[in-house]
Amino acid sequence: MNLVFVLDANKQPLAPCSPRRAKLLLKNRKAAVFRRVPFTIILKRAVENPVLPDHRLKIDPGSKTTGLALLSGAAVIWAAEVTHRGQRIKDALATRRAIRRNRRQRKTRYRQPRFLNRTRAADWLPPSLQSRVENVLTWVNRLRRVCPITALSQELVRFDTQLMVNAEVSGVAYQQGEL
């Protein structure tokens, strides 16, 4: 069930409404389209003391896509998939590295070796992972601006694939299994 997000005239998020109600509000010129993705309307008047239901945003991270679901109670009112560009970032970095190495191999003037520029910040992540984290944060912030979210949930799962194949695997047997 896809609902339409609603903002009041002060851009405060209100409870989402049905597409039918949103269409009526737009037709009667009591609201205007605020944003197309996610579809949001803005009312032309402010709402005093709105009653806001509890909404929970659930995040299911993945390497290629991340699932987002907005729940009101047990009902899903909005769902989306965020496609990550991690492989494209990795390929672009590899291309850049190859061009840089090629440039160094040409017969050009002597260049002093640089070796003191290799330090990384303590919170450093590889660019592909950094992009994934920032994509999810961007969508969470977008949804927080158009819907009153009271809770966040994220699925954190680690799989032991060797244990799934062979239940008796232990000790040195882990070293002989498939990666």
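Begin by selecting Leu125, Leu129, Val133 and Leu137, which in this predicted model form a nonpolar patch on the surface, with about 290 Å² of accessible area together. Within this patch, pick out leucine 129, which is found in helix α3 and which, at 32% relative accessibility, counts as partly exposed. It is worth keeping in mind while looking at this patch that, in soluble globular proteins, nonpolar side chains tend to be buried together.

Next, turn from the surface to the interior and select Phe5, Leu57, Ile59, Leu68, Leu70, Trp78 and Leu143, which, of the 18 residues in the largest nonpolar core, touch the most other members. To see where this core comes from, colour the elements that give two or more residues to it, namely the strands β1 (4-7), β5 (55-60), β6 (65-72) and β7 (75-83), together with the helix α3 (127-146). Which of these elements gives the largest share of the core? The largest share, 5 residues, comes from α3, the helix in which leucine 129 of the surface patch is also found.

Apart from this core lies another one, of 9 residues, and selecting Cys17, Ala22, Ala31 and Leu43 will show you some of its members.

Now move to the charged surface and select Lys90, Arg96, Arg97, Arg100, Arg101, Arg103, Arg104, Arg106, Arg109, Arg111, Arg114 and Arg118, which form a positive surface patch. Two of its arginines deserve a separate look. Arginine 101 lies in helix α2, which covers residues 86-105, and because its relative accessible area of 51% is over the 50% cut-off, arginine 101 is classed as exposed. Arginine 104 also has its place in helix α2, but at 47% relative accessibility it counts as partly exposed, since that value falls between the 20% and 50% limits.

With arginine 104 still selected, add leucine 25 and draw a distance between their C-alpha atoms: the two residues are 79 residues apart in sequence and 64 Å apart in space.

For the last stop, select tyrosine 110, whose place is in the loop between α2 and α3. Is tyrosine 110 buried or exposed? With a relative accessible area of 64%, tyrosine 110 is exposed. Finally, add serine 72 to the selection, a residue 38 positions from tyrosine 110 along the chain, and you will find that the C-alpha atoms of the two are separated by 65 Å.

Notes: Residues numbered from 1 in each chain as written. Predicted model: local features only at pLDDT ≥ 70, side-chain atom pairs only at ≥ 80, totals over all residues. Heavy atoms only, no water. Core = buried A, V, L, I, M, F, W, Y, C linked by side-chain atoms within 4.5 Å. Buried < 20%, exposed > 50% of the residue type's maximum accessible area, 1.4 Å probe, protein only. Helix = DSSP H or I, 4+ residues; strand = E, 2+ residues; numbered from the N terminus. Patch = residues over 30% accessible without salt bridge, like charges linked within 9 Å, V, L, I, M, F, W, Y side chains within 5 Å. Areas by Shrake-Rupley, 256 points an atom, 1.4 Å probe, with all protein chains shown as cover. Salt bridge = Lys/Arg side-chain N within 4 Å of Asp/Glu carboxyl O. Lys, Arg positive; Asp, Glu negative; His and termini not counted. Charge placed at Lys NZ, Arg CZ, Asp CG, Glu CD.
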